[in-house]
Amino acid sequence: MDAPDPARPGLPEFRAAAASITGAAIRTPLIASALPGMEALRLKLDCLQPTGAFKIRGALNAVARLAPGARGVVCCSTGNHGRALAWAAGRAGIPAAICLSALVPEAKVRAAEALGARVIRIGTSQDEAQAEADRLAEAEGLTPVPPFDHAHVIAGQGTLGLELIEDAPDLETILVPLSGGGLAAGIAAAAKALKPGVRVVGISMDRGAAMAASLAAGRPVEVAEVASLADSLGGGIGLENRLTFAMCQDLLDDVVRVTEAEIYAGMLALLEGERVVAEGASAVAHAAVLAGKIRLTGPTAALITGRNAAPKQIAAIAARAPVRLGDITVEAPA
């Protein structure tokens, strides 16, 4: 097992994580939006990380804190965490097993395999992939590194909050993609430790958003997983969630949900207006602003969390072509 972790990371853990990931993860730029009417918006380009997503921060911090002699690591993932854990484990010279459901895009599967990870495709939900990860941990003595509900992972993701406030102390609002809550909880805790008055808003899709549904219900709940442009935001949070539900409940100032059509518009705005290639989960802030669901009333940061969308999907959106998602077709904005 890995070393004992604190019940909830605080500023010392975020600063320790920042030291642990230095030299592997990069301190990504914070740039002004190029879109008319969005002068208050700044983009934190964590899509520029070596594995194409912010997840490298939490994975590196967790691997750095493994107990001596660890046999390897295992996780379930919607893709980006698995790729990040494979990369971090490779740097540490230990094996990684990554469990992915059938909903994970093939491009993300191949990316984890290319990094030398053992990839197991199983089930049609993240809960089923998690069950297999739990089985492998027990059967092979691998250390579980969950994608979000883990103090060392949360601390790693929280380094983004430190960077945002250090680089832009005038920030009033931070817009964060919301999935299992590791990113949102980490950023909110770290940013508010440095600037208690900063607002943190979680944004998710309107179908299959487990954390958003759980926060609305006041307790962790299960939701049906469906295909989404924001596939990285899919998956459950676990009915026995230890950390991220309570942290998001305590620290998020608001939660906003966006439709698939709005996410398409956000991705298109990033491509055409910002010249940024971003997967759907990275476009939810732009989606919410363009849809009028969030108003820019002062300096605001949007987390551009990853660029690992399937090339065919990016090409279709760039061409303003329809995108098929399971039982629905998403059209380009008029």
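In this predicted model, helix H1 (residues 11-21) and helix H6 (residues 151-167) bring their axes within 8 Å, crossing at roughly 95°. That makes H1 roughly perpendicular to H6, because angles of 65 to 115 degrees fall in that class. H1 contributes Leu-11, Glu-13, Phe-14, Arg-15, Ala-17, Ala-18 and Ile-21 to the contact. H6 answers with Ile-154, Ala-155, Gly-156, Gly-158, Thr-159, Leu-162 and Glu-166. By class, the contact holds 8 nonpolar, 3 polar and 3 charged residues.

Next, the sheet. It is open and has 6 strands, in the order S1-S2-S10-S7-S8-S9. The pairing is mixed. Strand S1 (30-32) and strand S9 (254-258) are the edges; each has a single partner strand, so one side of each is left without a neighbour in the sheet. Neighbouring strands are turned by 25° against each other on average, direction ignored.

Two parallel strand pairs can be set side by side.

| Strand pair | Sense | Bridges | Opposed residues |
|---|---|---|---|
| S7 (residues 173-177) and S8 (residues 199-205) | parallel | 5 bridges | Ile-174 and Val-200 |
| S4 (residues 96-100) and S5 (residues 118-121) | parallel | 4 bridges | Ala-97 and Arg-118 |

Helices accompany both pairs. Helix H7 (residues 182-194) lies across S7, S8 and strand S10 (300-304). H7 runs at about 160° to S7. Helix H4 (residues 106-114) joins S4 and S5 in a right-handed β-α-β unit.

Conventions
Residues numbered from 1 in each chain as written. Predicted model: local features only at pLDDT ≥ 70, side-chain atom pairs only at ≥ 80, totals over all residues. Heavy atoms only, no water. Pairing = 2+ DSSP bridges. Helix = DSSP H or I, 4+ residues; strand = E, 2+ residues; numbered from the N terminus. Axes fitted to C-alpha atoms, helices over the stretch in contact; angles between N-to-C directions. Contact = heavy atoms within 4.5 Å. Right-handed = clockwise from strand over helix to strand, strands pointing away. Parallel < 35°, antiparallel > 145°, perpendicular 65-115°, else oblique. Nonpolar A, V, L, I, M, F, W, Y, C, P; charged D, E, K, R; others polar.
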